[in-house]
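Please work through the exercises below with the sequence and the structure open beside you, and try each task before reading its solution.

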Protein chains: 2
Amino acid sequence: MTAAILSERDIQFMLYELFDAESLIERSRYEDHSKETFNAAINTAQQIAAKYFVPIRKKVDEQQPTFDGKKVTMIPEIKVAVDAAIEAGFVSSTADYDYGGMQLPLMISTAANAYLSAAGSTTMGYIALTSANASLIENHGSPEQIEKWVKPMRSGRFAGTMAMTEPSAGSGLADLLTTAVPAEDGTYRISGSKIFISGGDHDLNDNIVHLVLARIKGAPAGVKGISLFIVPKVLVNDDGSLGERNDVALAGLFHKMGGRGHTSTALSFGEKDGAVGYLLGEANRGLSYMFHMMNEARIMVGTNAACTALVGYQYSLDYARERFQGRLPSCKDPLSPPVSIIEHADVRRMLLTQKAYSEGAFALCLFGAKLADDRHTANSDEERQKANTLLDFLTPIIKSWPSEYGPKSNDLAIQILGGHGYINEHPVEMFYRDNRLNPIHEGTTGIQSMDLLARKLPMNQMAGYRACLAEIQHDIEAAKLAGLSKAAEQLSVAVAILTKTTDHLLGSMMEKPIDLVLANSVKYLDMFGHVVIAWLWLRQGVVAQAALNAEPHQTEQDFYRGKLQAMTYFLNFELPLLEAWSTNLINLDATFYDMENSWF
Amino acid sequence: MTAAILSERDIQFMLYELFDAESLIERSRYEDHSKETFNAAINTAQQIAAKYFVPIRKKVDEQQPTFDGKKVTMIPEIKVAVDAAIEAGFVSSTADYDYGGMQLPLMISTAANAYLSAAGSTTMGYIALTSANASLIENHGSPEQIEKWVKPMRSGRFAGTMAMTEPSAGSGLADLLTTAVPAEDGTYRISGSKIFISGGDHDLNDNIVHLVLARIKGAPAGVKGISLFIVPKVLVNDDGSLGERNDVALAGLFHKMGGRGHTSTALSFGEKDGAVGYLLGEANRGLSYMFHMMNEARIMVGTNAACTALVGYQYSLDYARERFQGRLPSCKDPLSPPVSIIEHADVRRMLLTQKAYSEGAFALCLFGAKLADDRHTANSDEERQKANTLLDFLTPIIKSWPSEYGPKSNDLAIQILGGHGYINEHPVEMFYRDNRLNPIHEGTTGIQSMDLLARKLPMNQMAGYRACLAEIQHDIEAAKLAGLSKAAEQLSVAVAILTKTTDHLLGSMMEKPIDLVLANSVKYLDMFGHVVIAWLWLRQGVVAQAALNAEPHQTEQDFYRGKLQAMTYFLNFELPLLEAWSTNLINLDATFYDMENSWF
């Protein structure tokens, strides 16, 4: 098997043909860059992925980290791989030069990281979380905190985590119990238990910087009384050297269905005198800071889900081309040779569905990265504001659509390999297991659906919603001009269903119990996600059609026809489901709402 | 956690209220039985499941069998559990008294085995395959073969397997290469490699009886040249004692995503002089005999998928009741206590969907078992013939609908537990992994869909199809009389869509390339499956409504209301998807058919 990690051609298509990444070079932040430096970074990631990540993925999955009560042990290959990625700068690819970064646009960094994520999401996890942690402190920390914590994270000396979840509170952050008591020196003493902390303990780096949500004694109840603290595993002296061990102990490791190389830990803060913690920003505003990291992490989760879907698609595609089995229904001659299984229409169904899901999801994530770049570096205030509004609105969809449809894509890869997909000689069942975490962490799909319907939709006089529909409408017009009028019409119909449904739901919010109106919110998220993915496929179709009109050589023609076919799949097979979902939403179908506990 | 393995109340409902199992007692084959003996068998299985199967399931999953090049080693608890089930008679519950069986109806045996399957499908696998193997030899073997092989299997001394798949042929049985050469004594010498043979080697029993598909030298090409052989692991002397080791060697074990206690083996026949094999029935008719076992195995696979879904549903239901987290959207008071998560409408969505999928799937499997009983023991020839026709027709749906929707159900159980569902402290992620094999083995979903559309549908002037629709129509009328007119109308609409689609497809088969007509066959299988499950839900609804009309006490009312609500879910949320699928089928949507290899 020589399956590609990702399709190089497709990455180039998305960056330069679909999202015009080259235009970013004109912005002052990226003025040192060029298409060549962008591609060099991507190319480096690809090489590291192939050399260090792919060869160890099976071993990483089979030999989980262990904890002997004192220390975490993991196979040494993980450190070699993480170090290679750090050394090449992938923990700081978007960071300022001043902090040791490469100052790449997030869109380019996303494309580069995609290789590492696809080749070993579990290994990449350490790097991605460190980067997100550093980004939060860069944005909300004091200059001293940036100097002390961010710089060693950006250089790869320290790692970073986010420590939110607690055993009793779970997703209900309002109920977290970890406490912070002010000490005389201006620091705090942190006590409490956190669970599911990814990368919460290991020896890959000299130190681990935990960002911990806790309540300062006497703070208000609920989410308004939560503060954010920097709590290092090892205290750091003023000169940057390591001091004593902080009062942070590993209580245990969780054994997960997938993502097994990335330790998931239970951490105990303050078993002795309280762990030393440093308040970040203002007291009681911790959750808003954490949302900085969480929003970034949500986009990372979506991207990881998309990448894991992409790599499974590539693997099963390669397998389907090389595996010969069976004959077409029209063939009645048992002496004719078996065909490559890609000749079976049902195998092509499973491949094309994977292509539509995974490339659609990845386009969405790159679009999110582009918006994140635009909100900081677009030329006008208005453009920056618009990007910010749109990204905020789309975040629950960027997090959850790839997370829901990525595993479905991986599931099809398993099915294509059949019995061989169910055993660990091939990585497709691992891809599924790795990907299955994504609809859970950083806010479950249910939570994302409430965020979309109850919060993001009505916010700022529906500015995000309007901006999104305007973008879609723009591309529908472009599709009509490009000769894709049937496809444009299909998306128009879907948008009409979406807007009708939305209007009904907004009306209901005024008149009906909110718990009833939100009871089917996951269906609304599904619906909106499908419209957004269909839109991005239409946009890809417009680019592909224009390229085909120029009559490129055969390989290029094939590539663009594949894009159009995946678009057609999504429009013909997926979008028509909206009608049924819409009926349930418009009717405020109360089946779930009415179901009583005792009836189960 | 004290989650039930299965809902006792539901099993009783299905057997005695829905399918009138008690009426079977009137048939001479079951005249020694009574509702009490039926329930005693079920109760015994329940106790064995709770005592021997549940406590070991985590260990079985974690400690896979190993092979040191000579011998398979597995944790000893598996043998204890298997022996307990054998001793209680569950390897021969449906077999004749003459062969050491309990002569139970398959419907009752299915309900009893459901507990073992739900509690440890991987452990149950050894017993289920042995029983299916014995059943095949009972039906097609000579009296001597029955004496020599069946009796020790029915007593649990020997185990049985089916050995079909080969490394190069996979699902394409026509291409299998294993050969059989006649020896002078009337036996054969078998040579070849088989893979994915479940239970292919172990020390749980004294001997293993492999049923091996092979080609007698000079046989016709394709499926018409395949014969079936009994090939034991150890040769058996005429007095029943064990003789020499046969030339059957274990080549290796596969490491699977799930079902880890059930060894999946690569077997090598005839590495030395050829394995001794005994022809079963006539030469070149092997595949038709194997289909006896395969049809039984297909129903077993569907049932296993349904049971694994049921146990996941029960577990997540128990968890949702006991886990307190978050508040309802309408609650703005952070000081109010968190609610049990079953109070969240989205959690109820995931529970009710599981209930609808798993109980719907299990009802279908019990209905299949009832048909299997009827085809042998119904009172008139006509009834027997009708049951036979209907079961034949429904087999691809019984195999695949539970296999496809069972894992989806387990997936929702994971999601309800959130982060806790992703770790192995809870069994829900294991249930998913165990269940994921079911859409693959005994004919993939794609193969089942071709079987339904190209074979079962047109067969015998569409007798199976017509019989199925007549049954459905009968229950639609009953639902109208029972006051469920809205539900009856919903199913009528779906049936109209199904018949319109079927008519179009049959017309197309005359006029269009068969490869195009069959290209979307999985959508047709999905559609038919949904209609069948909706029908069985309507039937459950009719029974529940009648029971409610009699104003039973509160607990019973709750149970029946839950049934009606699950029916409503399926009719309101699942059936409306048919319209979209139908459009693709009627249009002969060529998206997959047209997609070229080079476009991917």
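**Exercise 1: an annotated span**

The UniProt annotation "domain: Acyl-CoA dehydrogenase/oxidase C-terminal", taken from an unreviewed entry, covers residues 284–455 of chain A. Keep in mind throughout that the model is predicted.

Task: State how much of residues 284–455 of chain A is helix and how much is strand, and how far apart the end C-alpha atoms lie.

Solution: Begin with the secondary structure, where the span turns out to be 73% helix and 0% strand. Then take the C-alpha atoms at the two ends of the span, which lie 21 Å apart.

**Exercise 2: cysteines**

Task: Find how many disulfides there are over all chains, and check Cys365(A) and Cys468(A) individually.

Solution: Recall that a disulfide is a covalent bond between the sulfur atoms of two cysteines. The cut-off needed here is that the two sulfur atoms must be within 2.5 Å. With this rule, the count over all chains is 0 disulfides. For Cys365(A), the nearest cysteine sulfur belongs to Cys307(A) and is 7.3 Å away, and Cys365(A) is in no disulfide. Cys365(A) counts as buried because its relative accessibility is 0%. For Cys468(A), the nearest cysteine sulfur is that of Cys365(A), 15 Å away, and Cys468(A) is likewise in no disulfide. Cys468(A) also counts as buried, because its relative accessibility is 0%.

**Exercise 3: two domains of chain A**

Task: Describe how domain 1 of chain A and domain 2 of chain A meet, using the contacts, the buried area and the salt bridge count.

Solution: First fix the bounds, since the domain assignment of chain A gives domain 1 as 8–151, domain 2 as 158–289 and domain 3 as 453–600. The C-alpha centres of domain 1 and domain 2 of chain A are 24 Å apart. Next come the contacts, in which 27 residues of domain 1 of chain A touch 37 residues of domain 2 of chain A. Together these two domains bury about 2800 Å², with 64% of it on carbon and sulfur atoms. On the side of domain 1 of chain A, the residues that lose the most area to domain 2 are Tyr126(A), Leu129(A) and Trp149(A), together 23% of what that side buries. Finally, the count between the two domains is 1 salt bridge.

**Exercise 4: two chains**

Task: Describe the contact between chain B and chain A in the same stepwise way.

Solution: Start with the residues, 95 of chain B being in contact with 95 of chain A. The buried area is about 8100 Å², and carbon and sulfur atoms give 61% of it. Tyr422(B), Phe592(B) and Phe600(B) supply 12% of the area that chain B buries against chain A, more than any other three residues. Last, 4 salt bridges are counted between the chains; in a salt bridge between Asp175(B) and Arg327(A), the closest N and O atoms are 2.6 Å apart.

How values were computed:
Residues numbered from 1 in each chain as written. Chains lettered and ligands numbered in written order. Predicted model: local features only at pLDDT ≥ 70, side-chain atom pairs only at ≥ 80, totals over all residues. Heavy atoms only, no water. UniProt positions renumbered as here; feature names shortened; annotations may be inferred. Helix = DSSP H or I, 4+ residues; strand = E, 2+ residues; numbered from the N terminus. Buried < 20%, exposed > 50% of the residue type's maximum accessible area, 1.4 Å probe, protein only. Domains from an automatic or database assignment. Contact = heavy atoms within 4.5 Å. Buried area = accessible area lost by both parts, 1.4 Å probe. Salt bridge = Lys/Arg side-chain N within 4 Å of Asp/Glu carboxyl O.
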